[in-house]
Amino acid sequence: MTNSTVLMQDSSISGWKNLNTAGYGGGLYLEHSAHVILARTSVVDNTVLLAGGGAYVSEGCTLLLRDNCIFQANAARTSGGAIHVQSDTAETVFIVRDSVFLNNNASFGGAVSIELTDGSLASSDIVTFDIQNSTFELNSARSFGGALRLAASGVVMNTTCNLNLALEAGEVK
């Protein structure tokens, strides 16, 4: 999605595979100022070769999850089994409310990975994340951050991380 604002509710995105060498965003790929709100939507069983099995969010975009969104059984070979957020030049926003991340996997950030393009710590004015009243359960990372890999400043509040697995930092890194 490019230069657009979309509300998707009471919907399902499932079964997408992007296994080519530019494999990002199995279910959703946001770029160039796309702003997407998902409400009561499930993103299930999507797979990518690189990052963002369920969704890939690039710089300058906004992704808001609310009202019981479910990200389940998504996979990425590198980062963000469910969602990968990446930016280095433009403000990028990721907000989660009352949602569930279940049984997603990747090498880094089994459920969610947030980072700068070069992999370094994101400046607070570049990437903003706010995760509240949500559940991360049974997600896994082959390296670190079983539930969350957060290389940025943000808020995680009233959120449960349970039975997530990684070689290092099983819940959050």
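## A walk through two parallel sheets

Let's start at a single residue: Asn-164 sits in the loop between strand 22 (160–162) and strand 23 (165–168). Keep in mind that this is a predicted model. Is Asn-164 buried or exposed? With a relative accessibility of 8%, Asn-164 counts as buried, because the cut-off for that label is anything under 20%. What does the side chain of Asn-164 have beside it? One of its polar atoms lies 2.9 Å from the backbone nitrogen of Asn-139. Leu-138 is another residue to look for here: Leu-138 and Asn-164 are 26 residues apart in sequence, yet their C-alpha atoms are 4.6 Å apart in space.

### The sheet of 6 strands

Now step back to the sheets. One of them is open and has 6 strands, in the order 1-5-9-13-17-21, with parallel pairing. Strand 1 (5–9) and strand 21 (154–157) are its edges; each has a single partner strand, so one side of each has no neighbour in the sheet. On average, neighbouring strands in this sheet are turned by 5 degrees against each other, with direction ignored.

Strand 13 is a good one to follow through this sheet. Strand 13 covers residues 92–97 and pairs in the parallel sense with strand 17 (residues 127–132) over 6 bridges. Strand 13 also pairs with strand 9 (residues 62–66), again in the parallel sense, this time over 4 bridges. Phe-94 is a handy marker for both pairings. The bridge partner of Phe-94 in strand 17 is Phe-129, while Leu-63 stands opposite Phe-94 when you come from strand 9. Further along, Arg-97 has Gln-132 of strand 17 as its bridge partner.

### The sheet of 5 strands

There is also an open sheet of 5 strands, again with parallel pairing, in the order 4-8-12-16-20. Its edge strands are strand 4 (28–30) and strand 20 (148–150), each of which pairs on one side only. From one strand to the next, the twist averages 10 degrees.

You can read part of this sheet strand by strand. Here are three of its pairings, each with one residue pair that marks it.

| Parallel pair | Bridges | Residues facing each other |
|---|---|---|
| Strand 4 and strand 8 (residues 55–57) | 3 bridges | Leu-30 and Val-57 |
| Strand 8 and strand 12 | 3 bridges | Val-57 and Val-85 |
| Strand 12 and strand 16 (residues 112–116) | 5 bridges | Ser-87 and Leu-116 |

Val-57 is worth finding in the viewer: Val-57 is the bridge partner of Leu-30 and also stands opposite Val-85 in strand 12.

Why can strand 12 (residues 83–87) be called largely enclosed by the rest of the structure? It earns that description because 5 of its 5 residues are buried. In a regular strand, side chains alternate between the two faces of the sheet. In strand 12, Ile-83, Val-85 and Ser-87 lie on one side, and His-84 and Gln-86 on the other. These residues are all buried, and both faces of the strand are covered.

### Two loop residues with a positive phi

Back to the loops for a moment. Most residues other than glycine have a negative phi. Which value does Ser-33 have? Its phi is positive, at about 70 degrees, although Ser-33 is not a glycine. Ser-33 belongs to the loop between strand 4 and strand 5 (35–39). At 35% relative accessibility, Ser-33 counts as partly exposed.

Asn-133 is also a residue other than glycine with a positive phi, near 50 degrees. You'll find Asn-133 in the loop between strand 17 and strand 18 (135–137). Asn-133 is partly exposed, with a relative accessible area of 36%.

### The cysteines

How many disulfides does the structure hold? The count is 0. Cys-61 is buried, at 0% relative accessibility. Cys-161, by contrast, is partly exposed, with a relative accessible area of 26%.

Terms used: Residues numbered from 1 in each chain as written. Predicted model: local features only at pLDDT ≥ 70, side-chain atom pairs only at ≥ 80, totals over all residues. Heavy atoms only, no water. Pairing = 2+ DSSP bridges. Axes fitted to C-alpha atoms, helices over the stretch in contact; angles between N-to-C directions. Disulfide = S-S within 2.5 Å. Buried < 20%, exposed > 50% of the residue type's maximum accessible area, 1.4 Å probe, protein only. Polar contact = N/O pair within 3.5 Å; in protein donor to acceptor, adjacent residues only side chain to side chain.
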